[in-house]
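I opened this structure to take notes on it for someone who has not seen it before. The entries follow the order in which I looked things up.

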Amino acid sequence: MESSLFVRRNRRKNLIVGSSDDALLLERANRAADDSPGDEALRTGRLVVLCDVCCETRWPQYGQNLQQLGCRSALALPLDLGEGADGVLSLFAPYAGLFDDEVVSEAQDYARRAATVLRAAARIDDAEQLAQDLRSAMEGRAVISLACGIIVGKKGCGQAEAFEMLRNSSNVRNLKVHVIAAEVVAGAGEAPLQPFER
């Protein structure tokens, strides 16, 4: 049996992993089909069993893809990954009829445990992303403050007016304020600040 995992999260790239190269091919077949058990599991939040691709009519393209890859049956288990994320654990077997009640029950238990781990990993990833965003914002803020100080010194204006000059230049040049500020800081010892003239 092969297994694959498909995870999608808001503002993140979709994740596809598999127990082997064959499992990755099977999951890519899942993603390439117009509709598949994995799509249905994601859509409905319920597990989906494909007992035998030779007899199944619900997902014709998907069934053909699986047959070409030597797979006869599949099980798709939705994963509750919390707000802004979901996923599906797919199991693939080379013969029909494997996914009876006992196997499905074991697979559901495994999927619940996997979802718990994935939720924790997503929270850690979100926290790391937030820390990185805050670091970037703080660095950008420091550069903006320094640039405002340079403009105040060169132009003899107030802090608010210096920031307004940065913001106007940002709008005119279609660049972020911190990028304009970095240019001001980098060119602090050079000629007058032309982009800020009114």
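**Entry: Asn174.** I began with Asn174, in a model that is predicted. Asn174 counts as exposed because its relative accessible area is 70%, and the cut-off for exposed is over 50%. I placed Asn174 in the loop between α5 (159–173) and α6 (177–186). I then checked the backbone and found that phi of Asn174 is near 60 degrees, a positive value in a residue other than glycine. I noted this because most residues other than glycine have a negative phi.

**Entry: the whole chain.** I counted six helices and five strands in the protein. Along the sequence they come in the pattern β-β-α-α-β-α-β-β-α-α-α. I looked up the overall dimensions next. The C-alpha atoms fill a box of roughly 80 × 30 × 25 Å along the principal axes. The radius of gyration is 27 Å, while a compact globule of 198 residues would have one near 16 Å. Of the 198 residues, 36% are buried. I also looked at contacts between residues at least 6 apart in sequence, and 52% of these join residues at least 24 apart.

**Entry: β1 and β2.** I turned to the pairing of β1 with β2. The two strands run antiparallel and are joined by four bridges. Within this pair, Val7 stands opposite Leu15 in β2. The strands form a hairpin, with five residues between them. In the turn I found another positive phi, that of Arg11, at about 60 degrees.

**Entry: helix α1.** I measured nothing by hand here and took the computed span. Helix α1 covers residues 21–32, which makes twelve residues. From its first C-alpha to its last it reaches 16 Å, close to the 16 Å expected at 1.5 Å a residue. At the N-terminal end, Ser20 acts as a cap: one of its side-chain oxygens lies 3.3 Å from the backbone nitrogen of Asp22.

Which residues of α1 are buried? I listed Ala23, Leu24, Leu26, Glu27, Ala29 and Asn30. The spacing in such a list can be read against the helix geometry: an α-helix has 3.6 residues a turn, so residues three or four places apart point the same way. The elements that cover the buried residues of α1 include β1 (2–9), β2 (15–18), α2 (37–44), α3 (60–68) and β5.

**Entry: Ser90.** I went to β5 next and picked Ser90, which lies in that strand (residues 85–93). Is Ser90 buried or exposed? I entered it as buried because its relative accessibility is 2%, and buried means under 20%. Leaving aside neighbours within four places in sequence, Ser90 is in contact with Glu2, Ser3, Ser4, Glu27, Asn30, Leu75 and Ala76. Two residues in that list, Glu27 and Asn30, are also among the buried residues of α1.

**Entry: Asp39.** I found Asp39 in helix α2. Its relative accessible area is 16%, so I entered Asp39 as buried. Not counting residues up to four places away in sequence, Asp39 touches Asn30, Arg31, Ala33 and Asp34. Asn30 therefore turns up in the contacts of Asp39 as well as in those of Ser90, and I had already listed Asn30 as buried in α1.

**Entry: cysteines.** How many disulfides does the structure have? The count came to zero. Cys55 is in no disulfide, and the nearest cysteine sulfur, that of Cys54, is 6.3 Å away. I entered Cys55 as exposed because its relative accessibility is 62%. Cys148 is in no disulfide either, with the nearest cysteine sulfur, that of Cys157, 8.4 Å away. Cys148 has a relative accessibility of 2%, so it counts as buried.

**Entry: helix α5.** I ended with two residues of α5. Glu161 is found in this helix, and with a relative accessibility of 37% it counts as partly exposed. The C-alpha atoms of Glu161 and Cys148 are separated by 8.7 Å, with the two residues 13 apart along the chain. Ser169 is in α5 too, and I entered Ser169 as buried because its relative accessibility is 3%. I also looked up the separation of Ser169 from Ser36, which is 133 residues away along the chain, and found their C-alpha atoms 51 Å apart.

Key:
Residues numbered from 1 in each chain as written. Heavy atoms only, no water. Buried < 20%, exposed > 50% of the residue type's maximum accessible area, 1.4 Å probe, protein only. Contact = heavy atoms within 4.5 Å. Expected span 1.5 Å × (residues − 1). Polar contact = N/O pair within 3.5 Å; in protein donor to acceptor, adjacent residues only side chain to side chain. Disulfide = S-S within 2.5 Å. Pairing = 2+ DSSP bridges. Rg over C-alpha atoms; globule rule 2.2 N^0.38 Å.
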